[in-house]
Structure formats: C-alpha cells, structure tokens
Amino acid sequence: MSNRRMRLLLLTPVMAGSFFVAPAALAWSGALAAPAATCSISGVFENGKVHLSGGGFTPGQAFLSSPTAAGGSFTIAENGGFQMMNVENARYTVTQANQHTECSGFKGATTNQDEMTQNDQNQNDQNDNGGDQDGS
C-alpha cells in the first residue's frame, strides 16, 4: 500500500469527526459568549424623571419592579433591548424568566445645592475631628 493511500485512510476518519465536533464546539462557545442582560438609569430630566434602558435580554415579556416607584409588565424588543423615557427616579430591577437584573446608575434625588451643602458639612466635620485629635 502506498504512503498516499495510508495517509488517506488515516486522515479520513479524523476529518469526518471534525465535521461533527466543530458545530457542537461553536454552539457551546456561542452559548458562553451570549451577552449578559444590562439595565441602566440615565439623564435626569427637568421634571425629575429619568431615562431607563437595557439590552441583552430575551425578546418578549419582562417585569419592571421598584421598592419606591410603580412597575409593571413591558415588552423587550426583538434586538433584546428596551427604552423607557420619563420614569420615576428610583431603583429598578428587570425580571425575565426568573432572572433579575438590577439597573445601575441610580443617584438618588439630590440637587447640586444639596451636594454643595453636604460637602461643606463634611469639610466642617473633618476640621472639627482634626482639632479633637491633637488635644485642643
């Protein structure tokens, strides 16, 4: 038997096996690479409401919940995303098929004046603590 025929006999099963293994490996790696669902709160409008958006979800029904604001059912688009304008500024969780995704970006309801007042108070507290530490 020639070397050529021997190589053909040995390599044919290996090549045939790769046709079965490759699709399974690609499907498995594709499942691992699926994007994780995300949700974020952004843009506080003049009326104090915010923009809520997300992606990476399964198209279909989902539920929005919050400990302090109204929630309810809504539909995830075919691309796996959603957008809601003018929702209450609150913490939110999107639930779909027993998976809970917390929305990031909630900052609370503070104004720049409140932040400046808090920063001034923190500075005063630091100055007072510094005086107490040196025995004065």
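## Burial and surface

A residue is called buried when its relative accessible area is under 20%, and in this predicted model buried residues make up 20% of the 136 residues in the chain. The two percentages describe separate things, since the 20% in the definition is a cut-off applied to each residue, while the other 20% is the share of the chain's residues that are buried.

Turning to the outside, the chain exposes about 10200 Å², and carbon and sulfur atoms supply 56% of that area.

## Elements along the chain

The secondary structure of the chain comes to 2 helices and 7 strands. Read from the N terminus on, these elements run α-β-β-β-β-β-β-β-α, with a helix at the start of this order and another at its end.

Contacts can also be sorted by how far apart the two residues lie in the sequence: of the contacts in the chain with a separation of 6 or more, 48% are between residues 24 or more positions apart.

## The three-stranded sheet

Three strands form an open sheet in the order β1-β2-β5, and their pairing is antiparallel. The edge strands, each of which pairs on one side only, are β1 (38–42) and β5 (82–87). Neighbouring strands of this sheet are turned against each other by 15 degrees on average, with direction ignored.

Within the sheet, β1 and strand β2 (residues 50–55) run antiparallel and are joined by 5 bridges. As for single residues, Ile41 has Leu52, in β2, as its bridge partner.

How values were computed:
Residues numbered from 1 in each chain as written. Predicted model: local features only at pLDDT ≥ 70, side-chain atom pairs only at ≥ 80, totals over all residues. Heavy atoms only, no water. Pairing = 2+ DSSP bridges. Helix = DSSP H or I, 4+ residues; strand = E, 2+ residues; numbered from the N terminus. Axes fitted to C-alpha atoms, helices over the stretch in contact; angles between N-to-C directions. Buried < 20%, exposed > 50% of the residue type's maximum accessible area, 1.4 Å probe, protein only. Contact = heavy atoms within 4.5 Å. Areas by Shrake-Rupley, 256 points an atom, 1.4 Å probe, with all protein chains shown as cover.
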